[in-house]
Amino acid sequence: MSCYYFHFQVGSRLIRDTRGVELEEPHEIINCSAHIAVLLKRRACREPEWKEAIIHVEDKERRFSVFLPIARFADAIPRLQAN
């Protein structure tokens, strides 16, 4: 298992994930990011910049880093909220 940190950036504001999430496989990053996008949407839905937000994922050693635009998950958000 590896620990991944899911930081959230909207505009110039960066909210750092200090706890991280243990994932068995790197492909779980997408599902975890989609889940985080749902949670963030619920809290930040009134902010107009929300659709330009980014989830920045990195591993504990900072050897792996990926930037995922939250808009990538826009189609999944209603489906995930229905569950």
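**Core, strands and His56 in a predicted model**

In this predicted model, the largest nonpolar core holds 18 residues. Phe6, Phe8, Ile29, Ile55, Val57 and Ile70 have the most contacts inside it. Strand 1, helix 1 (28-44) and strand 4 each supply at least two residues of this core. Helix 1 gives the most, with six residues.

Me: What makes a set of residues a nonpolar core here?
Reply: Two tests apply: the residues must be buried and of a listed type, such as Phe, Ile or Val, and they must be joined through side-chain atoms within 4.5 Å. The set that includes Phe6, Ile55 and Val57 has 18 residues.

Me: Which residues does Ile55 touch, leaving out those up to four places away in sequence?
Reply: Contact means heavy atoms within 4.5 Å. Ile55 touches Phe6, His7, Phe8, Ser33, Ile36, Ala37, Val66, Phe67, Leu68 and Ile70.

Me: Why is His56 called buried?
Reply: Its relative accessible area is 14%. Buried means under 20%. His56 therefore counts as buried.

Me: Where is His56 found, and which residues does it touch?
Reply: His56 is found in strand 4 (residues 54-59). Beyond four places in sequence, His56 touches Tyr5, Phe6, His7, Ser65, Val66 and Phe67.

Me: What makes the His56 and Ser65 pair a polar contact?
Reply: The two side chains come to 2.6 Å. The cut-off for N or O atoms is within 3.5 Å, with one atom able to donate a hydrogen and the other to accept it. The pair is therefore a polar contact.

Me: How do you know that strand 1 and strand 4 pair?
Reply: Pairing needs at least two bridges. Strand 1 and strand 4 have six, in the antiparallel sense. They therefore pair. Gln9 stands opposite Ile54 in strand 4.

Me: How do you know that strand 1 pairs with strand 3?
Reply: Three bridges join strand 1 to strand 3 (residues 21-23), and the two run antiparallel. At least two bridges are required, so the strands pair. Ser2 stands opposite Leu23 in strand 3.

Me: What links strand 1 to strand 2?
Reply: Three bridges join strand 1 to strand 2 (residues 13-15), again antiparallel. The bridge partner of Val10 in strand 2 is Arg13. The two strands form a hairpin with two residues between them. In the turn, Gly11 has a positive phi of about 60°.

Me: Why is strand 1 called mostly covered?
Reply: Strand 1 (residues 2-10) has nine residues, and seven of them are buried. Each of those seven is under 20% relative accessible area, so strand 1 is mostly covered.

Methods: Residues are numbered from 1 along each chain as its sequence is written. This is a predicted model: local features need pLDDT of at least 70, side-chain atom pairs count only at pLDDT 80 or more; totals for chains, interfaces and linings use all residues. Side-chain values use heavy atoms; hydrogens and water are left out. Helices (H or I, at least four residues) and strands (E, at least two) are DSSP runs, numbered from the N terminus. Buried means under 20% relative accessible area, exposed over 50%, partly exposed in between (1.4 Å probe, protein chains only).
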